[in-house]
Amino acid sequence: MKNIGLKNNVKRTGLYLGLLSLLVVPSACDQSFLDTDPQGKQAGTVFWQNEGDATKAVNAMYANLRGWNNTAFAAIAVESVGSDDAEKGSTPSDATFFNDYDNFSVGSGDGQLGGFWSGQYQNINYANQVIDNIPTISMDETLKARYIAEAKFIRAYSYFRLVRAFGDVPLRLTLPKDATQYNIPRTPKAEVYAAIEKDLTDAAGVLPQSYGSSDIGRVTKGAALSLHAKVSMYQQKWQQVFDLTTQVISSGQYSLFANYEALFRVANENSTESIFELQNELLPNNKEVSNSQYSQVQGVRGVTGGGWGFNTPTATLASAFETGDPRRDATIIFRGETTPSGDAIAAVGDNPMYNQKSYVPFALYTTGFNEGSQQNVRVLRYAEVLLMNAEAANELGNSAQALISLELVRARARGTSKTILPKVTTTDKAALRTAIWNERHVELAMEFDRYFDVIRQGRAATVFGPKGWKASKNEVWPIPQNELDLSAGVLVQNPGY
């Protein structure tokens, strides 16, 4: 059985940090680090007593990562539809607020901003509770250190998502000790980045390279190094990006999965290419735990086992692939096609294209459950590590290494064909940079990176300008109005909103 995240029902809005609620009744299947049943809660006043409590807390932290605000509408709004690769989808009258992100007219009162903000701070709250409370528990010291390292990774991951989206954000690295510590101002993004890097350095120094079968899906040393490289890339710390990605490559823990399309199917989750995935599952005896809607909200509309049809690829994305690149058909479900899994897509329908990376074959649908609830979310892949290595090498003047890493990604996509995706051979720094950026575009399409990639590359005014993007404003989204109101003036809005 695949491992899944521990379901939780922690509710928290804004910067308020509530007590941890944990769900702790055994599942019907063999116990693994992410099995759970949602029937019982353990009171916070009697928690944090032993190793079992620590394990439950860490599992709950993982579970929150797959929740609605982390993987569904809020993430689509903030991290995807602003790009040139994706648009609202569904029907014209359905969830029209997405259009405000697509044309950059969104105001601070839109609920998806607040949902995304709350989702990340819920993750951070869980992580902080683990980091603050586990040190006092009498338990195996090696496991204690590892649990704290896992929490530091997740805290860093959520702060990275926040700082990309909003710039300066409140930085909370401990639980508040009294009421005066609840309402804190925004921290300059440079300090937030420094905290993220420290957490990832700490985590990488403790986390194992791999786990046994019952712990597949937990954060590894490679995940911490890879996320650290990505964070460094956003700060243009090119030597650090190169060193970190080289360490991941040299570890021998990862390799590119041969079949790009099959890489994203349920049967191949946690593959040799996977560095970090959010674990989801459909448990027939436990509907409450089978709660992921990542695939459902993006699935093909109008068919049993499909979904709601949001976050659809654009014609711009479809035209971005080189002639014959098989990643085009592996990334986009086209109206009228038959998928590699054998699903015939109607020739007429609400949308001409759908996201194939979030697709789950219709035969796997179980009545009464969310469509595609068993689909993991790929967060970090080895292909991206290679492309970060290539970009850093090129920026450092090492075109030879850049071409080696770039070619590995293109060769996997090319497969046995001799006529498509020719080797990139240019050693001109600007031309090679463009080639690497283009490769990131098509390799990582529809994986919630394109929007912020283009901004950090300094090309947003050119690429997104026709959609309404404006420099000195749209580099970040507005701070949610509800957070401003709750702070009573402590938080200030981003310029232009």
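This report walks through a predicted model of one protein chain, from its overall build down to a few individual residues.

Two notes on conventions come before the details. Because the model is predicted, local features need pLDDT of at least 70 and side-chain atom pairs count only at pLDDT 80 or more, while totals for chains, interfaces and linings use all residues. Residues are numbered from 1 along each chain as its sequence is written, and side-chain values use heavy atoms, with hydrogens and water left out.

**Overall build**

The protein chain holds 17 helices and 8 strands; these are DSSP runs numbered from the N terminus, with helices (H or I) of at least four residues and strands (E) of at least two. Its radius of gyration is 22 Å, close to the 23 Å that the globule rule gives for 497 residues, so the chain is as compact as a globular protein of that length. For reference, this radius is taken over C-alpha atoms, and the rule is 2.2 Å times the number of residues to the power 0.38. Along the principal axes, the C-alpha atoms fill a box of roughly 65 × 50 × 50 Å.

Of the 497 residues, 61% are buried (buried means under 20% relative accessible area, exposed over 50%, and partly exposed in between, with a 1.4 Å probe and protein chains only). The accessible surface of the chain comes to about 18,300 Å², and 52% of that belongs to carbon and sulfur atoms; the areas come from the Shrake-Rupley method with a 1.4 Å probe, and for residues only the protein chains shown count as cover.

Contacts (heavy atoms within 4.5 Å) often span long stretches of sequence. Among those between residues at least 6 apart in sequence, 69% join residues at least 24 apart.

The chain carries 46 positive and 51 negative charges, and their mean positions are 2 Å apart. Here Lys and Arg count as positive and Asp and Glu as negative, with His and the chain ends not counted; each charge is placed at NZ of Lys, CZ of Arg, CG of Asp or CD of Glu.

**Strand S8 and its surroundings**

Strand S8 covers residues 377-381, and 5 of its 5 residues are buried, so the strand is largely enclosed by the rest of the structure. S8 runs antiparallel to strand S4 (residues 274-278), and 4 bridges join the two; strands pair if DSSP finds at least two bridges between them. One of the partnerships links Ser274 with Arg381 in S8.

Gly368 sits in the loop between strand S7 (353-355) and S8. This glycine is partly exposed, at 37% relative accessibility. Lys287 is 81 residues away from Gly368 in sequence, yet their C-alpha atoms are 8.4 Å apart in space.

**Helix H9 and its flanks**

Val248 belongs to helix H9 (residues 238-250) and is buried at 2% relative accessibility. Not counting residues up to four places away in sequence, Val248 touches Gly222, Leu225, Ser226, Tyr254, Ile275 and Val385.

Gln253 lies in the loop between H9 and S4. Its relative accessible area of 34% makes Gln253 partly exposed. Beyond its neighbours within four places in sequence, Gln253 is in contact with Gln209, Ser210 and Thr272.

On the other side, Gln236 is placed in the loop between helix H8 (221-234) and H9. Gln236 is exposed, with a relative accessible area of 51%.

**Two positive phi angles**

Most residues other than glycine have a negative phi. Gln236 has a positive phi of about 60 degrees although it is not a glycine, and Trp48 also has a positive phi of about 60 degrees. Trp48 is found in the loop between strand S2 (41-42) and helix H1 (51-64), where Trp48 is buried with a relative accessible area of 14%.

**Phe98 in helix H4**

Phe98 is located in helix H4 (residues 97-102) and is buried, with a relative accessible area of 1%. Setting aside neighbours within four places in sequence, Phe98 contacts Phe73, Ile76, Ala77, Val81, Lys88 and Phe310.

**Some C-alpha separations**

The table lists three further residue pairs.

| Pair | Apart in sequence | C-alpha to C-alpha distance |
|---|---|---|
| Val248 and Ala460 | 212 residues | 30 Å |
| Phe98 and Ala488 | 390 residues | 28 Å |
| Gln253 and Thr416 | 163 residues | 25 Å |
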